[in-house]
Amino acid sequence: LNQAVVEMKSLLHHLLRRESRCSSSSSQGCQTCGRSLHERQNLEIELHQTLEQMERGKIGLKQAELEAKRKDEEIQRIKSKLSLLEARLTAAEEERLMLKKDVEESSLSKETLIKSAWTNRDAAVARKNVAEVDLARGRIEVMQVSSQLME
């Protein structure tokens, strides 16, 4: 589009220069090409309108690029939130399954052994959950840095 406008502009300027060389100061127009002063003015108006359209197109394109960049950043932010929530959900589901299994397998005669095992397991699950959340945050930061480098 830019190249077409530039070519049109150069052609019109060339024609206008040639016309101005061959036309006299009278309103009869150019004796070589036969163009009148009115035709010349129409060409100048068309050139001006084309240049205005090109500028409006450039402005619209820049606005669209900015909007697309803003939406990409929003998508990255939402992906980061989603990744963190998925990690938390997975950890909660694993903890729920472990608790359900422990309740099904427990018996009153082994109560002290089970309490000790639960305490140990709960501590391990808590450490694992914290590690998964930290890992998810680290992945999010890596994705954000990568996105910024791509820009």
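Because buried means under 20% relative accessible area and exposed means over 50%, with partly exposed in between, Lys128 counts as partly exposed at a relative accessible area of 28%. The views below show a predicted model, and the same three words are used throughout the legends.

**Figure 1. Overview of the predicted model and its three helices.**
The protein has three helices and zero strands, and from the N terminus on its elements run α-α-α. Helix α1 covers residues 2-22, helix α2 covers residues 37-105, and helix α3 covers residues 111-150. Of the 151 residues in the protein, 16% are buried, while the accessible surface comes to about 12000 Å², of which 57% belongs to carbon and sulfur atoms. Among the contacts between residues at least 6 apart in sequence, 59% join residues that are at least 24 apart.

**Figure 2. Confidence of the prediction along the chain.**
The mean pLDDT of the protein is 80, and 81% of its residues reach 70 or more. Confidence is lowest in α1, where the mean is 72, and highest in α2, where the mean is 87. Where pLDDT is low, the predicted coordinates should not be read in detail.

**Figure 3. Close-up of the salt bridge between Glu94 and Lys128.**
The count of salt bridges in this model comes to six, and one of them is formed by the side chains of Glu94 and Lys128, with a distance of 1.9 Å from N to O. This pair links distant parts of the chain, since Glu94 lies in helix α2 and Lys128 in helix α3, 34 residues apart. Glu94 has a relative accessible area of 32% and is therefore partly exposed, and Lys128, at 28%, is partly exposed as well.

**Figure 4. Close-up of Lys128 with Glu132, a second salt bridge of this lysine.**
The side chains of Glu132 and Lys128 meet in a salt bridge with a distance of 3.7 Å from N to O. Both residues lie in helix α3, where they are four residues apart, about one turn of the helix. Glu132 is partly exposed, with a relative accessible area of 24%. Through salt bridges that share partners, Glu94, Lys128 and Glu132 are joined into one network.

**Figure 5. Close-up of the salt bridge between Asp122 and Arg121.**
In this view the side chains of Asp122 and Arg121 meet in a salt bridge, with 2.5 Å from N to O. The two partners fall into separate classes of accessibility: Asp122 counts as partly exposed at 33% relative accessibility, whereas Arg121 is buried, with a relative accessible area of 13%.

**Figure 6. Close-up of Thr50 and its surroundings.**
Thr50 is found in helix α2, and because its relative accessible area is 14%, Thr50 is classed as buried. The side chain of Thr50 reaches the backbone oxygen of Glu46 at 2.8 Å. When neighbours within four places in sequence are left aside, Thr50 is in contact with Val5 and Met8.

**Figure 7. Close-up of Asn129 in helix α3.**
Asn129 lies in helix α3, which spans residues 111-150, and with a relative accessible area of 15% Asn129 is buried. Apart from residues up to four places away in sequence, Asn129 touches Ala91 and Glu95.

**Figure 8. Close-up of Val6 and Leu51.**
Val6 belongs to helix α1, residues 2-22, and counts as exposed at 52% relative accessibility. Although Val6 and Leu51 are 45 residues apart in sequence, their C-alpha atoms are 9.2 Å apart in space. As this view includes part of α1, the reader may wish to recall that confidence is lowest in that helix, at a mean of 72.

**Figure 9. Close-up of Lys69 and Glu151.**
Lys69 has its place in helix α2, which spans residues 37-105, and at 41% relative accessibility Lys69 counts as partly exposed. Along the chain Lys69 and Glu151 are 82 residues apart, and their C-alpha atoms are separated by 9.2 Å.

Methods: Residues numbered from 1 in each chain as written. Heavy atoms only, no water. Helix = DSSP H or I, 4+ residues; strand = E, 2+ residues; numbered from the N terminus. Buried < 20%, exposed > 50% of the residue type's maximum accessible area, 1.4 Å probe, protein only. Contact = heavy atoms within 4.5 Å. Areas by Shrake-Rupley, 256 points an atom, 1.4 Å probe, with all protein chains shown as cover. Polar contact = N/O pair within 3.5 Å; in protein donor to acceptor, adjacent residues only side chain to side chain. Salt bridge = Lys/Arg side-chain N within 4 Å of Asp/Glu carboxyl O. pLDDT = per-residue confidence, 0-100.
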